[in-house]
Amino acid sequence: MNNVLRPIFQQTVGLLSGHRANGKLLVLTYHRVFEEYDEIVDEIDAVQFTQQMETLSKYFNVLSLEEGLRQVRSGKVVPGAVCITFDDGYKDNYEVAFPILQALNLPATFFVATGYLGDGMMWNDVVIESVKNTELTDLDLAELSLDKYAITTTQQKRTLLGVLINRWRNQSLDKRNQLAQKLSEIAQVEFKRRVMMNQDEVKQLSDAGMEIGGHTVNHPILASTSIQDARYEVEEGKAQLERITGKELRYFAYPSGRVDKDYRQEHKEIVEQAGFSAALTTNNGAIDQRAGMFELPRISIDYTNKFKFGASLARGYVQYAN
Ligand SMILES: [Zn+2]
């Protein structure tokens, strides 16, 4: 951000934190934090993440999820209360975000899908890496019932990614994996770099005082999964992370997380019965005393535009749990 805009932005955020936040808790959701800006993916990088964390550290009260939810339950939330969360368990969370959080002494919660720890990759990342790293100048996707796409420019690659992710996101887990695998074959891409954390990195986050939370084993859309499989996903993911960290898991984040679309009421019961004490969605909003502990809204921070960061926080305060 340039030097003229920075104070204006910070004042806005400062005002919000002082006046609008009383009694409400904002939980921010991150996924990846890239070491360097990647124009095809266009998500947050280390520089932007550092700026956001410095802003939070200066103008907000960054709390652990435990403390934030304790305050919500007690009805007394400090002004500017914010929690920081990461979904899925990306390696860059450990390598890039963790040192930045530690330098500013900020607590965070990491929701980890255990089935991908180590060398695993979620289907959407297989799609992204295939389109990003292919050396081909076009992809003929007839076998996937799609057209032939020219991908010589960044914009063409971004457009194709949008098409593929939107088209495949509601398919079953197996189908999504099959489609992504086929795409990687057509794109002739081999995956050499590890994308997700390994068990040791999760353990190190936990040992350093970061909270580790459940996010299932295979990251299925629970609403498209049988009840038996959904129960297994929730319980087994919890058990595996408890073995890795040696601590009891307290919090869960629903994969994809949209209320009534990605999970339904019965999944709240499964999560509660598994022994979690709260669960987070991806529905947008701030948390106050009216929010159900197994349907807590968050604020998604996945884009790179700095002003949207302030706007997202502002929107969070006016949009309650729904
Ligand atoms: Zn996720």
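What share of the contacts in the protein with a separation of 6 or more is accounted for by residues 24 or more positions apart? The share is 73%. The model under inspection is predicted, and the tour below proceeds from the whole chain to individual residues.

**The whole chain**

Display the protein as a cartoon: eleven helices and ten strands are present. Colouring by burial will show 43% of the 322 residues as buried.

**The nonpolar core**

Select next L25, L26, V27, L28, V82, V127 and A279. Within the largest nonpolar core, which comprises 85 residues, these are the members that touch the most others. Domain 1 (5-119 + 194-318) and domain 2 (123-186) each contribute at least three residues to this core.

Keep L25 highlighted and show its surroundings. Beyond its neighbours within four places in sequence, L25 is in contact with G68, Q71, V72, V77, A81 and C83, and also with A286 and I287.

**Helix α5 and its two partners**

Move to helix α5, residues 123-133, and add helix α7, residues 173-186. Two packed helices are described by the angle between their axes and the distance between the axes. For α5 and α7 the angle is about 15° and the axes are 9 Å apart. Because angles under 35 degrees count as roughly parallel, α5 is roughly parallel to α7. The crossing of this pair is left-handed. To view the interface, show W123, V126, V127 and S130 on the α5 side, with R176, N177, A180, Q181, L183 and S184 on the α7 side.

Now replace α7 with helix α6, residues 154-168. Here the packing angle with α5 is about 155°, and the axes lie 10 Å apart. An angle over 145 degrees counts as roughly antiparallel, so α5 is roughly antiparallel to α6. The crossing of α5 and α6 is right-handed. In this interface N124, V127, I128, V131 and K132 of α5 meet K157, L160, L161, L164 and I165 of α6. V127 merits a second look: this residue takes part in the contacts with α7 and in those with α6, and V127 is also among the core residues selected earlier.

**Strand β9 and T281**

Select strand β9, residues 278-284, and centre on T281. Is T281 buried or exposed? T281 is buried, because 27 other C-beta atoms lie within 10 Å. Measure from T281 to Y254: the C-alpha atoms are 5.8 Å apart, although 27 residues separate the two in sequence. Setting aside neighbours within four places, the contacts of T281 are Y254, G257, R258 and V259, together with E295, L296, P297 and R298.

**Three loop residues**

Proceed to the loop between β7 (211-214) and α9, where T216 lies. T216 is not a glycine, yet its phi is positive, at about 70°. T216 counts as buried because it has 26 C-beta neighbours inside 10 Å.

A second positive phi, of about 65°, is found at S256, likewise not a glycine. S256 belongs to the loop between β8 and α10 (265-273). With 19 other C-beta atoms within 10 Å, S256 is partly exposed.

Finish at E248, in the loop between α9 (227-245) and β8 (251-253). Why does E248 count as exposed? E248 has 11 C-beta neighbours inside 10 Å, and a residue is exposed if that number is 12 or fewer. From E248, select K238, which is ten residues away along the chain; the C-alpha atoms of the two are separated by 8.5 Å.

Notes
Residues are numbered from 1 along each chain as its sequence is written. This is a predicted model: local features need pLDDT of at least 70, side-chain atom pairs count only at pLDDT 80 or more; totals for chains, interfaces and linings use all residues. Helices (H or I, at least four residues) and strands (E, at least two) are DSSP runs, numbered from the N terminus. A residue is buried if 20 or more other C-beta atoms lie within 10 Å of its own, exposed if 12 or fewer, and partly exposed in between; C-beta atoms are placed from the backbone. Two residues are in contact if their C-beta atoms, placed from the backbone, lie within 7 Å. A nonpolar core is a set of buried Ala, Val, Leu, Ile, Met, Phe, Trp, Tyr and Cys residues joined through C-beta atoms within 7 Å. Domain bounds come from an automatic or database domain assignment. Axes are lines fitted to C-alpha atoms, for helices over the stretch in contact, and angles run from 0 to 180 degrees between N-to-C directions. Angles under 35 degrees count as roughly parallel, over 145 as roughly antiparallel, 65 to 115 as roughly perpendicular and the rest as oblique. A crossing is left-handed if the near helix is turned anticlockwise from the far one by less than a right angle, and right-handed if clockwise.
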